[in-house]
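Subject: Structure handover: salt bridges and nonpolar cores

Hello,

I am passing on the structure we spoke about. Please look it over, and then read the notes underneath.

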Amino acid sequence: EKKIRRIDSAKDKSRAREKDSERLKVEENVFDVPTLKILYTLSNKGVIKAMGGAISTGKEANVFYAEGPDKELAVKIYRIASSTFKAMDAYIMKDPRFTNIRKNKRDIIFAWTRKELQNLKRAKNAGVRVPEPILTEKNILIMEFMGENEAPYPLLKNTHLENEEAKNIFDIIVEYMRLLYKKANLVHADLSEYNILIDPNNLTPIFIDMGQSVTLEHPNAREFLYRDVQNILRFFSRYGIKDKPEELFKKIQAE
Ligand code: ATP
Ligand code: MN
């Protein structure tokens, strides 16, 4: 009863925070009845102790802060009533891990959520720093919260860096791209300053948002890798990094 109230009050709080009516619609879509039921169940199982406020409201998913039994959590909730799921089709249907899912929206979203969990696991096992994946249930992914005092670490995009610090971060990002490719057999496929957090304690990168990451069997894997390389080089050019995209692209795939 108490737990349920806490979830409801989190819902009210995140609603109260958003005056904009467009955003309000987003909030209502997130906490639809089935999603609330899953949150209650996870709370009864002790996976979530209390829900906190919204960290982010994105196009396809919203991310919430939560308290776990022994650590802080990030709860990513994919919206079922989202209009942009046509794009998900192209990523997931050509992934050999997900060839036999049914082609309705809910099933695609559930598969997408499981795919993000699996991708995070593979990345972590390959030595790439990512939020520790914990579990999925339907359209909800639970992972380690990367931040301090309930505030997420800043995005690379919002981090002020000296050239030397930027160069160090860039080198680690390239190494992570290589580990992903070589060890995890994955391409991030949406890598940019918007999907990399910076740990301010040691100025090192953390990759996030891996729902769209694909295995190397995906027919567009190399095209996605090239785009990731271009995004990263475009961002770091302001710090004097002038590597050629073709060369970096080759280096990541080299033995
Ligand atoms: P979509 O592309 O489906 O809309 P998204 O871009 O909204 O996804 P993410 O990039 O995974 O989703 O997360 C959105 C924001 O939430 C991030 O920019 C980051 O600030 C925050 N965030 C995500 N995961 C974590 C985490 N594990 N710990 C702390 N903050 C997180
Ligand atoms: Mn993102």
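The notes below cover salt bridges first and nonpolar cores second.

Please keep in mind that this is a predicted model.

Salt bridges

The structure contains 9 salt bridges. One of them pairs the side chains of Lys76 and Glu116, at 3.2 Å from N to O. Lys76 sits in strand 3 (residues 72-78) and Glu116 in helix 5 (residues 105-125), so this salt bridge ties together parts that are 40 residues apart in sequence. Both Lys76 and Glu116 are buried.

Lys76 also forms a salt bridge with Asp209, with an N to O distance of 2.9 Å. This pair links distant parts of the chain, 133 residues apart: Lys76 is in strand 3, while Asp209 is in the loop between strand 10 (204-207) and strand 11 (214-215). The relative accessible area of Lys76 is 7%, so Lys76 counts as buried. Asp209 has 22% relative accessibility and is therefore partly exposed.

A further salt bridge joins the side chains of Arg234 and Glu193 (3.3 Å, N to O). Arg234 belongs to helix 7 (residues 221-236) and Glu193 to the loop between strand 8 (186-187) and strand 9 (196-199), so the pair connects parts that are 41 residues apart in sequence. Arg234 is partly exposed, at 44% relative accessibility, whereas Glu193 is buried, with a relative accessible area of 7%. Through shared partners, salt bridges join Lys76, Glu116 and Asp209 into one network.

Nonpolar cores

The largest nonpolar core has 62 residues. Within it, the residues with the most contacts are Leu156, Ile173, Met177, Val187, Phe207 and Phe236. Helix 6 (residues 163-182) supplies the largest share of this core, 10 residues. The core lies between domain 1 (2-151) and domain 2 (154-253), because both domains give residues to it.

For Leu156, I set aside its neighbours within four places in sequence. Its remaining contacts are Leu161, Ile169, Ile173, Glu193, Ile196, Leu197, Ile198, Phe235 and Phe236. Glu193 thus appears twice in these notes: as a contact of Leu156 and as the salt-bridge partner of Arg234.

There is also a second, separate core, of 15 residues. Leu42, Ala66, Leu73 and Val75 are among them.

Regards

Terms used
Residues numbered from 1 in each chain as written. Chains lettered and ligands numbered in written order. Predicted model: local features only at pLDDT ≥ 70, side-chain atom pairs only at ≥ 80, totals over all residues. Heavy atoms only, no water. Salt bridge = Lys/Arg side-chain N within 4 Å of Asp/Glu carboxyl O. Helix = DSSP H or I, 4+ residues; strand = E, 2+ residues; numbered from the N terminus. Buried < 20%, exposed > 50% of the residue type's maximum accessible area, 1.4 Å probe, protein only. Core = buried A, V, L, I, M, F, W, Y, C linked by side-chain atoms within 4.5 Å. Domains from an automatic or database assignment. Contact = heavy atoms within 4.5 Å.
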